[in-house]
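Thanks for coming. I will take a few minutes on one structure, starting with charged side chains and then moving inward.

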Amino acid sequence: MDDYHQNTFQLVAEASKSLNLLEEKEINAILEAIAKETESKMYYILAENQKDLQRMDKSNPKYDRLLLNEQRIMDIVKDIRNVASLPSPVGKALMQETLPNGLKLSKVTVPFGVIGIIYEARPNVSFDVFSLCLKSGNACILKGGSDARFSNEAIIDLIRNVLDSNGINPNVCTLLPNDRTATEALMNARNYVDLIIPRGGQELINYVRENSRIPVIETGAGVCHTYFHKDGDIKKGKNIITNAKIRKVSVCNSLDCLVIDRERLDDLHYLCEDLDKKDVIIYADKHAYEALFSYYSYDQLKKADDKSFGTEFLDYKMSIKTVTDIEEAISHISKYSSKHSEAIISEDTEAIKLFEKMVDAACVYSNASTAFTDGAQFGLGAEIGISTQKMHARGPMALEELCTYKWLIDGNGQTRS
């Protein structure tokens with residue numbers, strides 16, 4: 001690691017310790033000040049965001065992620081204030097006990113310390129990450145994608161100015177330069193960074209997991225399935241499938257593969273009717289292709305191949321897999337799932353119970369859209385990501401998941417024999 005990056009990480013690590021001395025009301029006041037400053041500087045942020053947008057083709061699925069507008073800025077402001085209103089996750093007693101020898105044990109939540117975030121073209125993440133990290137007593141090191149360079153620089157400058165004016169070391173929120181060496185340095189900053197969270201596609205997550213020397217929580221990549229069971233309600237199914245696919249195609253909880261029982265193929269054209277109107281390209285297996293051929297737009301209906309399954313499309317695209325029964329559906333999902341969000345549409349209680357038991361994912365739905373996999377929708381406030389692993393955190397990660405714990409042992413002169 002070169003001197004520049006080592007010095008940067010050392011300054012953040014040192015600054016993080018000062019957060020332990022802040023009272024919750026002080027943190028809330030800083031978040032409110034950032035919310036107000038964001039409202040005040042809205043058009044400056046939008047102007048910088050426009051510089052990024054001008055460098056990206058509008059047909060790129062990442063364009064919508066990169067886009068900021070007045071409504072999205074106001075939603076960000078609302079999220080910041082919502083985080084401020086939430087109770088602090090720090091200092092909670094998870095367990096208290098007095099041992100026979102008189103030692104008093106307490107298991108208490110504490111911040112991780114310094115959290116590194118590596119993310120792609122999502123400038124809103126800069127606000128979300130900082131808000132959640134500050135509220136949970138963590139410093140953050142941000143490594144954004146080059147696509148959002150101007151947006152991220154404007155946002156982090158705003159945050160650091162507010163911190164400085166409130167007497168808080170601005171190094172608790174640090175944006176790294178837009179180059180690969182910064183990413184590599186962050187993944188190797190073992191003495192300074194406690195946790196790394198990548199947010200982006202599978203390629204980014206794989207790269208971070210395979211190269212980081214610091215503990216990683218995998219978030220973001222979502223290959224999401226919805227299974228229309230033989231006893232599924234057709235109206236519920238149509239609404240759920242449509243919402244899961246087209247509400248927002250560039251997010252990790254959007255539908256990638258519809259799995260359908262063979263005996264319900266006659267209903268497939270109805271289930272996909274609204275997708276056709278939105279120009280969704282469907283990659284259908286043999287049976288689904290035949291069922292849709294006379295109904296779905298010819299130029300939007302394609303024959304599926306091996307690459308059609310297990311793909312996170314992040315676009316107006318979706319695959320369809322036909323199965324003979326629920327066991328085959330579960331097997332298909334098990335093979336191709338990223339363990340993010342999976343759903344079943346059925347009126348059969350036993351089928352739902354079997355699906356919930358056998359499908360291995362962070363979020364398993366029955367008769368609802370996977371679009372609900374979101375920290376705010378779960379009542380957690382703005383999320384830092386959706387964890388698809390099983391260690392420490394799983395599903396939407398918010399304030400509580402940004403804490404670890406330590407043991408406090410109070411004695412009165414006890415010694416061990």
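**Charged pairs and a buried arginine**

Arg180 has a relative accessibility of 54%, so it counts as exposed. Keep in mind that this is a predicted model.

Arg180 has a charged partner: its side chain meets that of Glu184 in a salt bridge, 3.9 Å from N to O. Both belong to helix α8, residues 180-187, where being 4 residues apart puts about one helical turn between them. Glu184 counts as partly exposed, at 36% relative accessibility.

A search of the whole structure gives 23 salt bridges. Another of them links Lys277 and Asp274, at 3.7 Å from N to O. The two are 3 residues apart in helix α12, residues 273-277, so about one helical turn separates them. Lys277 is exposed at 62% relative accessible area, and Asp274 is partly exposed at 22%. Through shared partners, salt bridges join Lys238, Glu273, Asp274 and Lys277 into one network.

Then there is Arg209, which pairs with Glu218, the closest N and O atoms lying 3.3 Å apart. Arg209 is partly exposed at 35%, while Glu218 is buried at 19%.

Now Arg199. Which side chain of opposite charge is nearest to it? That is Glu383, 4.2 Å away, and buried Arg199 has no salt bridge. The cut-off for a salt bridge is 4 Å, so a distance of 4.2 Å does not count. What the Arg199 side chain does reach is the backbone oxygen of Ile384, at 3.2 Å. Its contacts also include Tyr119, Glu120, Arg122 and Thr219.

Arg199 sits in strand β6, residues 195-199, and 5 of the 5 residues of that strand are buried. Leu195, Ile197 and Arg199 point one way from β6, with Ile196 and Pro198 pointing the other way. That fits the general pattern: in a regular strand, side chains alternate between the two faces of the sheet. Strand β3, residues 114-119, runs parallel to β6 and is joined to it by 5 bridges, with Ile117 opposite Ile197.

On to the interior. The largest nonpolar core has 71 residues, and Ile196, Ile197 and Ile384 are among those with the most contacts inside it. Helix α6, residues 124-135, gives the most to this core, with 7 residues. A second, separate core has 25 residues, including Leu255 and Tyr296.

Leu255 also stands opposite Cys224, where β7 and β8 run parallel, joined by 5 bridges. All 7 of the 7 residues of β8, residues 255-261, are buried, so the strand is largely enclosed by the rest of the structure.

Terms used: Residues are numbered from 1 along each chain as its sequence is written. This is a predicted model: local features need pLDDT of at least 70, side-chain atom pairs count only at pLDDT 80 or more; totals for chains, interfaces and linings use all residues. Side-chain values use heavy atoms; hydrogens and water are left out. Buried means under 20% relative accessible area, exposed over 50%, partly exposed in between (1.4 Å probe, protein chains only). Lys and Arg count as positive and Asp and Glu as negative; His and the chain ends are not counted. A polar contact is a pair of N or O atoms within 3.5 Å; within protein, one must be able to donate a hydrogen and the other to accept it, and residues adjacent in sequence count only if both atoms are side-chain atoms. Contact means heavy atoms within 4.5 Å. Two strands pair if DSSP finds at least two bridges between them. A nonpolar core is a set of buried Ala, Val, Leu, Ile, Met, Phe, Trp, Tyr and Cys residues joined through side-chain atoms within 4.5 Å. Lists of a residue's contacts leave out its neighbours within four places in sequence.
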